[in-house]
Amino acid sequence: MVVVRVSHLTKRYGQLTALSDVSFSIRPGEVLGVIGPNGSGKTTLFECLAGVLPADAGTVADEARTLAPGDRCSVLFYLPDAIAPWPAQPVRWALDYTVGFFGGRLDALDDVVARFDLDSILDSPIGALSKGQRKRALLAMSLLTPQPVLLADEPFDGLDLRQTREVADALRAHVAGGRTLVLSIHQIVDAARICDRFVLLSGGCVRGEGTLAELSAMAAVRGAAPHDQSLEEVFLALT
Amino acid sequence: MRLPEKTGTAENAKSAKRNVFSASSARAAVAFLWLLDKEWRELLSSRAWWVLLLLIGPLVGVSFIGVVRTYAEASGLNGTAAGVGEAFSPLVGVWAPTFSACELAAAFLLPFVGIRLVSGDKQSGALKIELQHSMSALARIAAKALVLLAGWCLASAAPLVAVILWKMYGGSAYAPELVTIALGHVLNAGLTIALAAATASLTDHPSTAAILTLSVTVGTWILNFIAAVQGGVWERAAGYTPTAMVAEFQHGLIRLDVVLIAIALISTGLALAALWMRLGVPARRRTSESLALAAGATAVVIACTFATPSWDTSENRMNSFPEADETALASIRASLHIEAHLAPEDPRRVDLERRALSKLRRVLPKTTVQYVSATSIGLFEQSAPHYGEIWYDLGGKREMSRLTTAEGVLETIYALADVKPPIENDAEIFRGHPLAVQPKGAAAVFYSIWPALIVAVGFLVRRRHA
């Protein structure tokens with residue numbers, strides 16, 4: 001069963017090919033990690049998927065139909081990395097706005113505020129938050145959106161170890177509620193902690209897709225058996 | 001008995017469809033209200049808007065205080081005899097210069113407020129988030145435009161204070177004139193907002209958008225300059241620049257073609273902004289859509305130039321001939337062609353245009369005017385055989401005159417048309433509203449109270465939102 005199928009997605013910036021024939025699928029209720037080093041095309045992939053950046057080729061489809069870029073917001077919500085939206089507005093307003101504007105989950109508001117420990121910063125303007133605080137606030141905001149699939153670009157960037165674990169737990173709890181998460185992560189240790197399946201991206205190409213065991217087997221078939229079964233070793237073997 | 005059952009099912013389906021439609025409309029309306037709230041909050045947190053509010057008070061004050069003094073000096077000379085009464089029209093004597101501060105603010109301050117509101121979302125990443133709502137780009141840009149217009153209306157409180165002060169001094173204020181001026185400045189602000197939104201949406205950085213916006217403004221001034229020198233098609237085009245448009249309203253004239261063209265240009269600017277706001281659409285497609293939009297807008301603007309109705313809202317009928325003359329002119333059925341041998345920069349041509357022909361076109365819309373000259377200033381054409389001649393052709397009958405006054409032009413036309421000139425009605429002559437008072441308290445209001453109030457309110461509002 002597939003909630004979103006990505007087929008042959010290609011994106012070029014002039015002579016540079018940022019994404020080349022990228023295909024993979026997103027299954028309902030899973031945490032899918034898009035793993036790759038900096039510059040591997042993760043952000044470009046997410047922006048093309050969300051329809052905020054035009055792709056040169058390829059399709060994105062749900063179970064029933066191909067989704068045009070303008071229709072993808074019915075299925076996907078994309079949280080970009082390194083943004084500070086509405087910098088003068090307080091966190092409390094941003095959360096209310098997300099619920100009101102997107103028709104989001106008002107019933108989840110208190111839970112999200114508690115899980116991301118936002119009580120102390122609710123009245124602070126978003127522009128005045130530290131990188132980690134802003135990341136937590138924006139992740140909380142994204143969890144309130146109504147789309148069944150959430151794409152989060154580098155959700156752990158800017159968080160310390162304790163915060164990373166807490167956020168990972170919060171995301172896991174959210175998935176248990178029926179949502180599907182696709183996370184772009186360049187820290188493989190973080191990815192291994194939270195993701196069910198992985199898409200390995202390198203140089204704009206998909207080098208492998210599957211669970212850790214599946215990827216490990218794939219590496220063995222290609223004659224690049226990793227030293228151990230860790231995601232790091234598998235990633236290095238396949239890319 | 002299956003038929004009623006089927007009908008019932010169809011009705012249920014229709015009702016369900018209606019419910020789905022009304023639910024989605026309600027959701028869209030709620031989202032739009034949230035967007036309006038967000039844009040309003042963003043405007044309140046924008047320093048550019050507070051600077052606009054702060055500066056518009058002193059700008060209006062400088063103009064108002066100056067013109068009230070001049071008006072008082074002229075009134076003190078008891079120059080209220082018939083013939084100079086027009087000089088004591090508050091429309092020309094007070095409101096036009098006072099409201100011109102708004103024109104300055106619209107040209108140099110408002111663009112930055114608009115650019116900040118549109119570019120801010122791009123810079124902060126908010127646009128990428130908001131684009132993930134199915135709301136149309138046009139609705140998004142409309143929310144910004146509405147909020148910016150509301151912000152402009154609040155800034156217009158400064159000239160409103162001037163009106164209140166003038167009334168307190170015992171001055172006369174003719175409501176239709178004030179409404180006309182306000183309409184002109186709202187349309188001008190609309191043009192600025194649309195231009196700023198389009199440039200901010202087209203460019204990646206606010207500074208590029210600001211340069212582009214000011215370039216367009218300067219471009220319209222260059223067009224006015226070329227029109228003054230070259231005349232012809234340039235002169236016609238320059239009649240629709242924001243400066244020329246505001247000047248018409250400041251003289252109490254509402255021209256349908258000007259209003260329609262302003263609305264068309266505002267709509268085009270906002271539509272262009274909406275097209276380029278859609279980050280997910282390939283640039284090539286956005287470019288071709290923009291070109292199609294520009295072609296459509298050009299066609300609409302050209303079509304609008306054929307709209308001839310106009311309304312003179314000035315108390316002294318400064319844009320119209322006396323009513324008796326208008327009735328007499330309206331009885332002339334033959335088409336009138338005028339050939340004036342006057343250069344674009346010749347003061348006689350300016351007189352002829354302002355005092356007679358602009359009024360004549362309002363009564364006889366089918367009048368055609370052709371200017372003939374070999375140079376732009378006419379200085380070296382004075383000795384040319386036909387220079388200075390104005391030829392009138394009415395239904396095949398021709399007459400030449402050198403008069404550039406309204407009376408001279410009317411006299412020639414009546415003679416050609418065999419129409420008896422109407423008798424001048426003394427009761428119709430506008431005697432003016434002289435007022436010899438000093439602008440007491442205006443300096444305190446515009447230079448102290450207004451800035452202090454804006455700073456205090458700005459501080460409180462920003463603290464409340466921060």
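**Exercise 1. Determine what share of the contacts in chain B with a separation of 6 or more is made by residues 24 or more positions apart, and place this beside the make-up of the chain.**

Solution. In this predicted model, residues 24 or more positions apart account for 78% of the chain B contacts that have a separation of 6 or more. The next step is to set out the elements of the chain, which are 17 helices and six strands. Chain B has 466 residues, and buried residues make up 45% of them. Finally, its C-alpha atoms fill a box of roughly 80 × 65 × 55 Å along the principal axes.

**Exercise 2. Classify the aromatic pair of Phe64(B) and Phe446(B), and work out which parts of chain B the pair ties together.**

Solution. A search of the whole structure finds 17 aromatic pairs over all chains. In the pair of Phe64(B) and Phe446(B), the ring centres are 6.1 Å apart and the planes stand at 65°; because an angle over 60 degrees counts as edge-to-face, the pair is given that class. Phe64(B) belongs to helix H2 (residues 47–76) and Phe446(B) to helix H17 (residues 442–465), so the pair ties together parts of chain B that are 382 residues apart in sequence. As for accessibility, Phe64(B) is buried at 0%, and Phe446(B) is likewise buried, with a relative accessible area of 0%.

**Exercise 3. Identify the residues of the aromatic cluster that includes Trp34(B), and then find where charged ends sit over rings.**

Solution. The cluster is formed by Phe77(A), Trp86(A), Trp93(A), Tyr97(A), Phe101(A) and Phe102(A) together with Trp34(B). Turning to charges over rings, the charged end of Lys11(A) sits over the ring of Tyr13(A), at 5.3 Å from its centre. In chain B, the charged end of Arg349(B) sits over the ring of Tyr371(B), with 3.6 Å to the centre.

**Exercise 4. Describe the surroundings of Ser320(B), and decide whether this residue is buried or exposed.**

Solution. Begin with its location, which is the loop between strand E2 (310–312) and helix H14 (323–330) of chain B. The relative accessibility of Ser320(B) is 7%, and since buried means under 20%, Ser320(B) counts as buried. When neighbours within four places in sequence are left aside, Ser320(B) is in contact with Asp312(B), Glu326(B), Lys359(B) and Arg362(B). With the side chain of Asp312(B), the side chain of Ser320(B) makes a polar contact of 2.5 Å.

**Exercise 5. Find which helix gives the largest share of the lining of the second largest pocket, and which residues lie nearest its centre.**

Solution. This pocket, the second largest, has a volume of about 860 Å³. Its lining comprises 35 residues, and those nearest the centre are Leu191(B), Leu195(B), Val216(B), Thr220(B) and Leu265(B). Among the elements of chain B that give two or more residues to this lining are helix H3 (90–108), helix H9 (206–230) and helix H12 (256–277). The largest share, eight residues, comes from H8(B).

**Exercise 6. Compare the settings of Asp21(A) and Asp117(A), starting from the sign of phi in each.**

Solution. Most residues other than glycine have a negative phi. Asp21(A), however, has a positive phi near 55°, and the phi of Asp117(A) is also positive and near 55°. Asp21(A) is found in strand E2 (residues 16–26) of chain A, whereas Asp117(A) is placed in the loop between helix H3 (109–115) and helix H4 (131–143) of chain A. At 45% relative accessibility Asp21(A) is partly exposed, and Asp117(A), at 46%, is partly exposed as well.

Note on methods: Residues are numbered from 1 along each chain as its sequence is written. Chains are lettered from A and ligands numbered from 1 in the order in which they are written. This is a predicted model: local features need pLDDT of at least 70, side-chain atom pairs count only at pLDDT 80 or more; totals for chains, interfaces and linings use all residues. Side-chain values use heavy atoms; hydrogens and water are left out. Rings of Phe, Tyr and Trp (its six-membered ring) pair if their centres lie within 6.5 Å; planes under 30 degrees apart count as stacked, over 60 as edge-to-face and the rest as tilted. Helices (H or I, at least four residues) and strands (E, at least two) are DSSP runs, numbered from the N terminus. Buried means under 20% relative accessible area, exposed over 50%, partly exposed in between (1.4 Å probe, protein chains only). A charge sits over a ring if NZ of Lys or CZ of Arg is within 6 Å of the ring centre and within 35 degrees of the ring normal. A polar contact is a pair of N or O atoms within 3.5 Å; within protein, one must be able to donate a hydrogen and the other to accept it, and residues adjacent in sequence count only if both atoms are side-chain atoms. Contact means heavy atoms within 4.5 Å. On a 1 Å grid over the protein atoms alone, a cavity is a set of points where a 1.4 Å probe fits but cannot get out, and a pocket is an open set with protein on both sides within 12 Å along at least five of seven lines; lining residues have an atom within 4 Å of a point. Grid points are joined across faces, edges and corners, and a volume is the space filled by probe spheres set on the points.
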